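Dear colleague,

I am handing over the structure below, and after it I set out what was found. Please keep it open beside you as you read.

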Amino acid sequence: MIGIKNLGNEEAILKLKELAESIDICMFCTNLKIDDGASCRPMSTQKVCEEGNIWFFSNSDSDKNKEIKQDENVQLFYSHPGKDSFLIVNGVAELIYDKEKIEELWSPVLNAWFPDGKEDPNISVVKVIPTTAYYWDTEGNKMVNFFKMLASATTGKNLVDGNEGTLILNSL
C-alpha cells in the first residue's frame, strides 16, 4: 500500500541522497519562467552532501550556466528506469569554480566532457540548494509491481508497497 510519509531533517536528506544518487541522471531545468522544455537537459548527479545540496559538473560557458546567471531557480526531475521511484527538486543553483571542490567531486568518467581533466579551464561545479522536494518510491521492481497491480485490480486491495511525501530539509 502506498502511503504518505513526509520526511524531515536527517531522514529527508538520507532519502534525497538515496534517490538522487541511485537514479543519478536527472532532467536539470533552468530558465523556468519560459517553461518550454528547451532549457531542460540530462545531468549526472555527482554527490548529495550532508546538508542535502546536490552537486553537478558543468561546462562554464554552457547555456545552462548562462541561464543560471540570469535566474538561479532550477528544477530537477529524477525517474528511476527500473523502479517506480521519482523525485522532484526545486532549488537555487550556485556556480562554483573552486579547485578543491572540483578535486573532491572528480571522477575519471568526467574526462569525456572535460578532455583536459581536472585542470580543464571550462569546468564549473553547480551546487543546487533544495527549496522544496517531493518523492514517490515504491518497493520492488517494475515487473513485480506490475503483477501486484494486476492482483490489486482483481482483489480490490492495493498490494503495491511504497511511500510518497515531502522532503523537509534544514536548508529549505
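In this predicted model, a network of salt bridges links four residues, namely Lys 15, Glu 18, Lys 83 and Asp 137. In the whole count there are 8 salt bridges, and I describe some of the others one by one below, together with the accessibility of the residues that form them.

One of the salt bridges lies within helix H1, which covers residues 9–23. There Lys 17 pairs with Glu 21, with 3.0 Å between the closest N and O atoms, and the two residues are 4 apart in sequence, about one turn of the helix. Lys 17 is partly exposed, its relative accessible area being 30%, and Glu 21 is likewise partly exposed, with a value of 33%.

Another salt bridge joins the side chains of Lys 47 and Glu 104, at 2.8 Å from N to O. Because Lys 47 belongs to strand E5 (residues 47–48) and Glu 104 to helix H3 (residues 99–105), this pair ties together parts that are 57 residues apart in sequence. As for accessibility, Lys 47 is partly exposed at 23%, and Glu 104 counts as partly exposed at 43%.

Helix H3 also provides Glu 103, which forms a salt bridge with Lys 118, the closest N and O atoms being 3.1 Å apart. This pair links distant parts of the chain, 15 residues apart, since Lys 118 sits in the loop between H3 and strand E9 (123–138). Glu 103 has a relative accessibility of 45% and counts as partly exposed, while Lys 118 is partly exposed with a relative accessible area of 30%.

Returning to helix H1, its 15 residues reach 21 Å from the first C-alpha to the last, which is close to the 21 Å expected at 1.5 Å a residue. Which residues of H1 are buried? They are Ala 12, Ile 13, Lys 15, Leu 16, Leu 19, Ala 20 and Ile 23. Seen down the axis of H1, these buried residues fall within an arc of 165 degrees, and therefore they line one face of the helix. The face turned away from that buried side carries the exposed residues Glu 10 and Leu 14. Lys 15 thus appears twice in this account, as a member of the salt-bridge network and as one of the buried residues of H1.

Two backbone details belong with this helix. Asn 9, which lies in H1, has a positive phi of about 50 degrees although it is not a glycine, and at 40% relative accessibility Asn 9 counts as partly exposed. Just after H1, Asp 24 takes a positive phi of about 75 degrees, and this residue, too, is something other than glycine. Asp 24 lies in the loop between H1 and E3, and with a relative accessibility of 24% Asp 24 counts as partly exposed.

Helix H2 (residues 63–70) can be described along similar lines, with Lys 64, Asn 65, Glu 67 and Ile 68 as its buried residues. Viewed down the axis of H2, they fall within an arc of 160 degrees, so they line one face of the helix. On the face turned away from the buried side are the exposed residues Asp 63, Lys 69 and Gln 70. What do the buried residues of H2 pack against? Their partners are strand E3 (25–29), strand E4 (40–44), strand E6 (54–59), strand E7 (73–79), strand E8 (85–96) and E9.

Finally, a word about confidence. The mean pLDDT of the protein chain is 85, and 82% of its residues reach 70 or more. Among the elements of the chain, E6 has the highest mean pLDDT, at 98, whereas helix H4 (residues 142–155) has the lowest, at 39. Over residues 141–160 the pLDDT stays under 50, and for this stretch the model has 25 contacts beyond four places in sequence. Where pLDDT is low, the predicted coordinates should not be read in detail.

With kind regards

Methods
Residues are numbered from 1 along each chain as its sequence is written. This is a predicted model: local features need pLDDT of at least 70, side-chain atom pairs count only at pLDDT 80 or more; totals for chains, interfaces and linings use all residues. Side-chain values use heavy atoms; hydrogens and water are left out. Buried means under 20% relative accessible area, exposed over 50%, partly exposed in between (1.4 Å probe, protein chains only). The expected span of a helix is 1.5 Å times one less than its number of residues. The arc is that of the directions from the helix axis to the C-beta atoms. Contact means heavy atoms within 4.5 Å. pLDDT is the predictor's confidence in each residue, from 0 to 100.
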